[in-house]
Amino acid sequence: MSQSTQTDPAKLAASRAAVALVQDGMKLGLGTGSTASIMVEVLAERVRNEDLSLRMAATSRATAELAESLGLKIESLDELGWLDMTIDGADEVDPDLHLIKGGGGAHLREKVVAAASDRMVVIADPGKVVDQLGAFPLPVEVLQFGFESSRKLIRRALHKLDLGDHDVLQRLRGSEPWVTDEGNFILDLPLGAIAEPLRLARALSAIPGVVEHGLFLGMCDLAIIGKSDGSVIEL
Ligand code: 5RP
């Protein structure tokens, strides 16, 4: 995960607008990725300036480390119980606010945290807004155990759904397998277009060894799209 430098004006604009929604006393989920990192920096600044009292859970070790380095205390989701709001990035956002997430390999924790929140707010730059999901390869987290079998079963499921022949690529970090915070592998599915995300989500969830896929359907309540001139649009 990239550490934020607050240099991307579109991501910064979205982050500022999302952090403006934070109220004193809230319990928050903090997302993962370059946009979420900028948001964490903006949030830390606001907490310092306004002496806000917040409780926060992170969606990845990387985010927890960044937040703590900025003086924010991170607790576990179970310590917090339920969250008022989660602010996270996304790889794609469609007009129905369905998402692809997991480009940073954290979609398992991200989905658990978002599902345990009253509200999920997505922050993104305009490049993430799409008419149809699928140009971004769909991340699927799978157990290391029997991972080649899971890969075959995913290929078979794609055939059954008439999605055709697609690569099911193991994500690497350098030349080594990418291992998630939960100790699993990630497969990336370059599908091009996903006409029926719900059908695909159900099929993937039914495959033994699949821990979580990156389709977030009906979970996002608000998407804040930042623009490079510092303005935002809300979807
Ligand atoms: C991590 C994610 C990220 O939110 C997503 O990949 C967007 O990242 P970035 O803001 O760096 O483009 O889902 O698992």
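Trainee: What makes helix α5 count as mostly covered?

Mentor: Look at the residue tally in this predicted model. Seven of the nine residues of α5 are buried. To earn that word, a residue needs 20 or more other C-beta atoms within 10 Å of its own. The residues of α5 that pass are His107, Leu108, Arg109, Glu110, Lys111, Val113 and Ala114.

Trainee: And how many residues of helix α1 are buried?

Mentor: There, 10 of the 11 residues in 9-19 are buried. The list runs through Ala10, Lys11, Leu12, Ala13, Ala14, Ser15, Arg16, Ala17, Ala18 and Val19. The elements covering them include α2, β3 (83-88), β6 (117-124), β14 (222-226) and β15 (232-234).

Trainee: Let me try a single residue. Is Leu189 buried or exposed, and how do you know?

Mentor: Its count of other C-beta atoms within 10 Å is 24. The threshold is 20 or more, so Leu189 is buried. Leu189 belongs to strand β11, residues 185-189.

Trainee: Which residues is Leu189 in contact with, leaving aside its neighbours within four places in sequence?

Mentor: They are Pro137, Leu138, Val140, His166 and Val168. To be in contact, two C-beta atoms must lie within 7 Å. Gly134 is a useful one to look at as well: Gly134 and Leu189 are 55 residues apart along the chain, yet their C-alpha atoms are separated by 8.8 Å.

Trainee: Now some unusual backbones. What is notable about the phi angle of Asp51?

Mentor: Asp51 has a positive phi, about 50°, although it is not a glycine. You will find Asp51 in the loop between α2 and β2 (55-58).

Trainee: Why is Asp51 called exposed?

Mentor: Asp51 has 8 C-beta neighbours inside 10 Å. The label applies at 12 or fewer, so Asp51 counts as exposed.

Trainee: Leu97 has a positive phi too, about 65°, and is not a glycine. What makes its surroundings fall in one class or another?

Mentor: Leu97 has 18 other C-beta atoms within 10 Å. Partly exposed covers the range between 12 or fewer and 20 or more, so Leu97 is partly exposed. Leu97 is placed in the loop between β4 (92-93) and β5 (99-100).

Trainee: Those two strands belong to a sheet. In what order do the strands lie?

Mentor: The order is β4-β5-β13, in an open sheet with antiparallel pairing. β4 and β13 (215-216) are the edge strands, as each pairs on one side only.

Trainee: How do you know that β5 and β13 pair?

Mentor: Two bridges join them. Pairing takes at least two bridges, so β5 and β13 meet the requirement. Leu99 stands opposite Phe216 of β13.

Trainee: And in what sense do β1 and β2 pair?

Mentor: They pair in the parallel sense, over four bridges. Leu30 has Ala58 in β2 as its bridge partner. In β1 (residues 27-30), Lys27 and Gly29 point one way while Leu28 and Leu30 point the other, and all of these are buried. In a regular strand, side chains alternate between the two faces of the sheet.

Trainee: Why is the largest nonpolar core said to lie between the domains?

Mentor: Domain 1 (9-129 + 217-229) and domain 2 (138-207) both give residues to this core, so it lies between them. The core has 64 residues, and those with the most contacts inside it are Ala14, Ala18, Met39, Val122, Ile123 and Val140. Beyond its neighbours within four places in sequence, Ala18 is in contact with Met39, Ile87, Val121, Ile123 and Ile224.

Trainee: How many residues of each domain are in contact with the other?

Mentor: 12 residues of domain 1 are in contact with 12 of domain 2. On the domain 1 side, α5 gives the most, with three residues. By class, that side has four nonpolar, six polar and two charged residues. The domain centres, taken over C-alpha atoms, are 25 Å apart.

Trainee: Last one: which residues are closest to the ligand?

Mentor: Gly33, Thr35, Gly89, Gly103 and Gly104 are the closest of the 18 residues around the ligand. α2 (34-50) and α5 (107-115) are the elements that give two or more residues to this shell, and α2 has the largest share, three residues.

Trainee: What makes up the shell by residue class?

Mentor: Three nonpolar, 11 polar and four charged residues. Glycine counts as polar here, so closest residues such as Gly33 and Gly89 go into the polar class.

Terms used
Residues numbered from 1 in each chain as written. Predicted model: local features only at pLDDT ≥ 70, side-chain atom pairs only at ≥ 80, totals over all residues. Near = placed C-beta within 6 Å. Core = buried A, V, L, I, M, F, W, Y, C linked by C-beta atoms within 7 Å. Domains from an automatic or database assignment.
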